[in-house]
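Subject: Handing over the structure

Hello,

I am passing on to you the structure we spoke about, and I have put together some notes to read alongside it. Please have it open while you go through them, and take your time over each part.

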Amino acid sequence: MRVGLFVTCLVDLMRPSVGLSALKLLEDAGCEVLVPATQTCCGQPAYNSGDRRPAQALARKVLSEFSGCDYVVVPSGSCGGMIKVHYPQLLEEFPELRSEAQRLAHKVWELADFLVSVLGVQQVAGRFEGTVTYHDCCSGLRELGVKLQPRGLLAKVPGLTLREMGSPEQCCGFGGTFAVKFGDISAHIADEKCADIAHTGADAVVLGDVGCMLNIEGRLRRRGDARTKVLHFAEILAGVTNDPS
Amino acid sequence: MQVTSQQFKRKAAEALANPQLHKALSNLRARMVTGRAQSVLELDNLEQIREAAKSARDFALAHLDHLLEQFERNACARGAQVHWAETGDDVNRLVLEIARRNAVRKIIKSKSMLGEETGLNHYLEAAGIEVRETDLGEYIIQEARETPSHIIAPAIHRTADEIADLFQQKHKLPRKTDIGEMTREARMVLRPHFLTADMGITGANFLVAESGSSMIVTNEGNGRMTTTLPRVHVAIAGIEKMLPTLEDVAFILRLLTRSATGQSISNYLTYTTGPKQAGDKDGPDEFHIILVDAGRTRVLASDLRAALHPLWGLHESLSGLSERGRSRVRLGVSRADRRGAYARLRRAGERARPAECRYDVQSMRGRLPRQDPAARSHAQAARTTDRTRIAPLVRAPRAQVLGVGRVTARGVRVDRASAGRGWTLGRWVDAADAQASRRRVLEPLPRYAGAARQDLPRALSSPQVNPYMHSFRAAARWTADANTLL
């Protein structure tokens, strides 16, 4: 089973350990993993800003890089959602590309969803002593239906206790370009999320998207919280919970 | 209503700097979000109800022209007068005309966001008519000369202290501190207005095509009194509020009250069908309904463009027809969008218009809907129509023929040789000038040709959803027994 790993640009640039953890999880489960070396971005920032041409160019690139895979796994709800849900609309003026995008869409899986629904992973390598709380990333939850899968996987981690925050489904305030265009509103929304996390008393907040991760961690640190860790579930499951590289 | 989206960032910064507003909204959210989460636990089949409600609404929007006409017929049959407003200014003008014709000096209003949209209150007050809001939150902001800050809780930005000060200033009564006492004071102050008003204006949560009714959902009882006490009642409603049957309304209500305020059902559900009938003890002498477009047809027509893509609609409709019905399906293209956004189906046996019409779908081919699994099953069902011939269509004046073709499973194939001169399907144009507005509201809407009552969706067709009817009847009894603020 040839599984293509779409690492996402944020992982590549900001948190490579997430990509490496995802790779480890997939290989431990017995997949033959391909990581096309020329991959970059899914095109979502350009698409959301109305800049269709560059977004289409990136989409074309993604389609050609991952055409040879049986599955394409993405450790991010927003990039996964972009490829699976929005590529067909983005490429609608190119009928052949659009049908290729539709074929690809059937092969795209968010990482937790893939591990649970396709691979049926029962054991994980990681351990975590302490309490964590889980934040549902908007795109993963609302576009790809990722809610129970990461929680199910975290439940298999020895030593880990999951404590739900008051509103785990509430947005963290990032919203991609939203955080840039409406910074003060975004910061307030992030404050509410950080207060919610602090209220649980958890040692770490776990999530599935590096966009949310950067936003929440940045806000936590600026609020003076140097203690709460912010981790991608792939890092915990693979046993890579040191300081992010 | 002042549109302030250009100043969004500045206004957002102001709102963020208001800790009282933030606290009030957090409390409101806690109440309403938790309320909703708890009240939906009462439903065993939430997702099915949502699907049924969604399909009722989608159907209604897709067949809006037909439902609006049906609504008008049924409402008029019960003695209501139906008016058509193309713009917000038309709404204001029509209300004022009705008020002048009936020598109205005081108006009471139940909450209407559409009234906010058109600036109705200011317009009427400028014309010298007293307008009194009767919903408590709206009453408060009317006294404070503000605009609502929230659709359901318009005065949420005000603290109890501020409201107490406001009441003391306006009512000239000793200042109250208890919220219950303030509510009773407001009730006492408003009661004389209810009893002396000449006209009542309400919005509508829904319009019901099958009975020609407008309906509102309230908790305070002001809606009840506004619709029955004054001698004239005017309901203003956007056309998108239309639903086909009372059952569809009942469905959606199960979700509406839970999602809006976390209530299983509101205290009052008020259905208004016609003015006082012979033998009624009370009710208004006149009941007017103003159907409002104000940009909605533009939005609906553009959204529906994709939804009513002729081939998508075709697949769906064909699979619903019997074998015999399919063989006589006809297809038309509206002139309004020659690129083929609209099409309509005529059933076999429909009375033909005097001219011939053909169509061209070559330009539509590039926009064939994607063959997603749902469409594929329809397409498979439609495959038996391979031999269906699209007969030349009925011609109307100004008809535009673009070609002739055949329905196949993959879409419609055009006979090149048949491409003829252009004809457009004529619109159904009403002779009387007074109907001009009506026509212009209906015109942008895609035409729905099915007219039989069995076309209307039966929201309760699914057996899993049927059990709901018992609890709806129980809830209706409960509503009749409820006697809170009155």
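In chain B, among the contacts with a separation of 6 or more, 76% are accounted for by residues 24 or more positions apart. Please keep in mind throughout that this is a predicted model. Chain B contains 18 helices and 16 strands, and of its 486 residues 38% count as buried.

For chain A, the corresponding picture is one of 13 helices and eight strands, with 47% of its 245 residues counting as buried. Of the contacts in chain A between residues at least 6 apart in sequence, 78% join residues at least 24 apart.

Where the two chains touch, the contact takes six residues from chain A and four residues from chain B. On the side of chain A, the largest share, three residues, comes from helix α11 of chain A, which covers residues 183–200. By class, the residues on that side of chain A divide into three nonpolar, two polar and one charged.

Within chain B, I looked with some care at helix α12 (residues 246–261), and it is worth finding this helix in the viewer before reading on. Its 16 residues should span 22 Å at 1.5 Å a residue, and because the end C-alpha atoms of α12(B) are indeed 22 Å apart, the expectation and the model agree. The helix α12(B) nevertheless bends by about 30° at Leu253(B), and Leu253(B) is also one of its buried residues, a list that includes Val249(B), Phe251(B) and Ile252(B) as well as Glu247(B), Asp248(B) and Arg254(B). After α12(B) comes Gly262(B), which has a positive phi near 75°.

Which helix packs against α12(B)? The partner is helix α2 (residues 19–40) of chain B, and the two helices pack at an angle of about 145°, with their axes 6 Å apart. From α2(B) the contact is made by Met32(B), Gly35(B), Arg36(B), Ser39(B) and Val40(B), while α12(B) brings Arg258(B), Ser259(B) and Thr261(B). Sorted by class, this contact has two nonpolar, four polar and two charged residues, and Arg258(B) is among the residues of α12(B) that are buried.

Chain B also holds an open sheet of four strands, in the order β8-β5-β6-β9, with mixed pairing. The edge strands of this sheet are β8 (242–243) and β9 (268–272) of chain B, each of which pairs on one side only. In general, the strands of a sheet pair through backbone hydrogen bonds, either parallel or antiparallel. Strands β5 (residues 206–208) and β6 (residues 213–218) of chain B pair in the antiparallel sense over three bridges, and one bridge joins Val208(B) to its partner Ser213(B) in β6(B).

Finally, there are two residues whose backbone angles you may like to check for yourself. Ala103(B) has a phi near 50°, a positive value in a residue other than glycine, and Ala103(B) lies in the loop between α5 (88–101) and β2 (106–109) of chain B. Is Ala103(B) buried or exposed? Ala103(B) counts as exposed, because it has 10 other C-beta atoms within 10 Å, and a residue is exposed if that number is 12 or fewer. Arg145(B), also not a glycine, has a positive phi of about 55°, and its place is in the loop between α8 (136–143) and α9 (160–171) of chain B. With 6 other C-beta atoms within 10 Å, Arg145(B) is therefore exposed.

Best wishes

Key
Residues numbered from 1 in each chain as written. Chains lettered and ligands numbered in written order. Predicted model: local features only at pLDDT ≥ 70, side-chain atom pairs only at ≥ 80, totals over all residues. Contact = placed C-beta atoms within 7 Å. Nonpolar A, V, L, I, M, F, W, Y, C, P; charged D, E, K, R; others polar. Axes fitted to C-alpha atoms, helices over the stretch in contact; angles between N-to-C directions. Buried ≥ 20, exposed ≤ 12 C-beta atoms within 10 Å, placed from the backbone. Pairing = 2+ DSSP bridges. Expected span 1.5 Å × (residues − 1). Bend = angle between axes of the 7 residues up to and from the residue.
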